[in-house]
Amino acid sequence: MKTSLTFLLLATAPHALAEINFTRDVQPILNKNCVACHGGVKEAGGVSFIFRDQVLGKGESGKTVVVPGKPEESEMIARVITDDPDDLMPQPDHGPRLSDADVETLRKWIAEGAEWGEHWSFTAPKIIQLPR
Ligand code: HEC
């Protein structure tokens with residue numbers, strides 16, 4: 001009885017923690033609002049949202065774009081919630097600011113570790129051969 005309860009908790013916990021899927025939830029926000037200036041051809045401010053290692057690096061300001069697990073230290077979040085029109089992203093003349101829901105998605109994605117691509121909890125479990 002005790003063992004099966006432990007198993008149940010272990011089996012359900014990862015799904016409860018990882019709610020955000022990069023490809024499904026985050027990439028559409030970036031593609032729609034950011035990639036025109038940050039990715040592909042243009043890398044405004046030294047920032048591109050195409051490759052994970054660039055997103056985890058620093059922009060021209062020297063601030064880190066995304067600090068996995070720490071939305072409050074991530075310049076990406078600072079730039080979408082600021083009230084300073086000089087800093088706001090997307091730039092006000094380019095498009096409207098992100099909805100609260102979009103900001104929350106980005107924030108959660110970073111808080112959950114800023115996984116790129118399929119999160120491990122969304123991929124089918126593999127059978128691993130244990131050493132004898
Ligand atoms: C119309 C073009 C444009 C769009 C769209 C845009 N940006 Fe930017 N972004 C810039 C420019 C230009 C800079 C460099 C000047 C500055 O730092 O404000 C910049 C700078 C930044 C920086 C700081 C880089 C540094 O120096 O540390 C971050 C972070 C950033 N953008 C994030 C975003 C995010 C997130 C989005 C989408 C929600 C976005 N941007 C959309 C043009 C854009």
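Q: Which helix gives the most to the shell around the ligand?
A: In this predicted model, the shell around the ligand draws four residues from a single helix, which spans residues 75–81 and gives the most to that shell. The space that the ligand takes is the largest pocket. The helix asked for is helix 4.

Q: How many residues surround the ligand, and how do they divide into nonpolar, polar and charged?
A: Cys34, Cys37, His38, Ser61 and Met89 are the closest of the residues around the ligand, and the shell counts 19 residues. By class, the residues of this shell divide into nine nonpolar, seven polar and three charged.

Q: Which side chain has an N or O atom 2.5 Å from an oxygen atom of the ligand?
A: Oxygen atoms of the ligand have several polar partners to consider. A backbone N or O atom of Glu60 lies 3.0 Å from one ligand oxygen, and a side-chain N or O atom of Arg79 lies 2.8 Å from a ligand oxygen. The side chain that places an N or O atom at 2.5 Å is that of Ser61.

Q: What is the arrangement of the donor atoms around the iron atom of the ligand?
A: The protein donors are NE2 of His38 and SD of Met89, which lie 1.9 to 2.1 Å from the iron atom. His38 belongs to strand 1 (residues 38–39), whereas Met89 belongs to the loop between helix 4 and helix 5 (100–111), so the pair ties together parts that are 51 residues apart in sequence. For six octahedral donors, the ideal angles at a metal are 90 or 180 degrees. Because the six donor atoms around the iron atom subtend angles of 84 to 179°, the arrangement is octahedral.

Q: What is the omega of the peptide bond from Met89 to Pro90?
A: Met89 is a protein donor of the iron atom, and Pro90 lies in the loop between helix 4 and helix 5. The peptide bond from Met89 to Pro90 is cis, with omega near -10°.

Key. Residues numbered from 1 in each chain as written. Predicted model: local features only at pLDDT ≥ 70, side-chain atom pairs only at ≥ 80, totals over all residues. Heavy atoms only, no water. Near = heavy atom within 4 Å. Polar contact = N/O pair within 3.5 Å; in protein donor to acceptor, adjacent residues only side chain to side chain. 1 Å grid on protein atoms, 1.4 Å probe; cavity = no way out; pocket = protein on both sides within 12 Å on 5 of 7 lines; lining within 4 Å. Sits in = over half its atoms within 2 Å of the grid points. Helix = DSSP H or I, 4+ residues; strand = E, 2+ residues; numbered from the N terminus. Nonpolar A, V, L, I, M, F, W, Y, C, P; charged D, E, K, R; others polar. Donors = N, O, S within 2.8 Å, 3.2 Å for Na, K, Ca; no water. Tetrahedral: all angles 85-135°; square planar, octahedral: opposite > 155°, others 65-115°.
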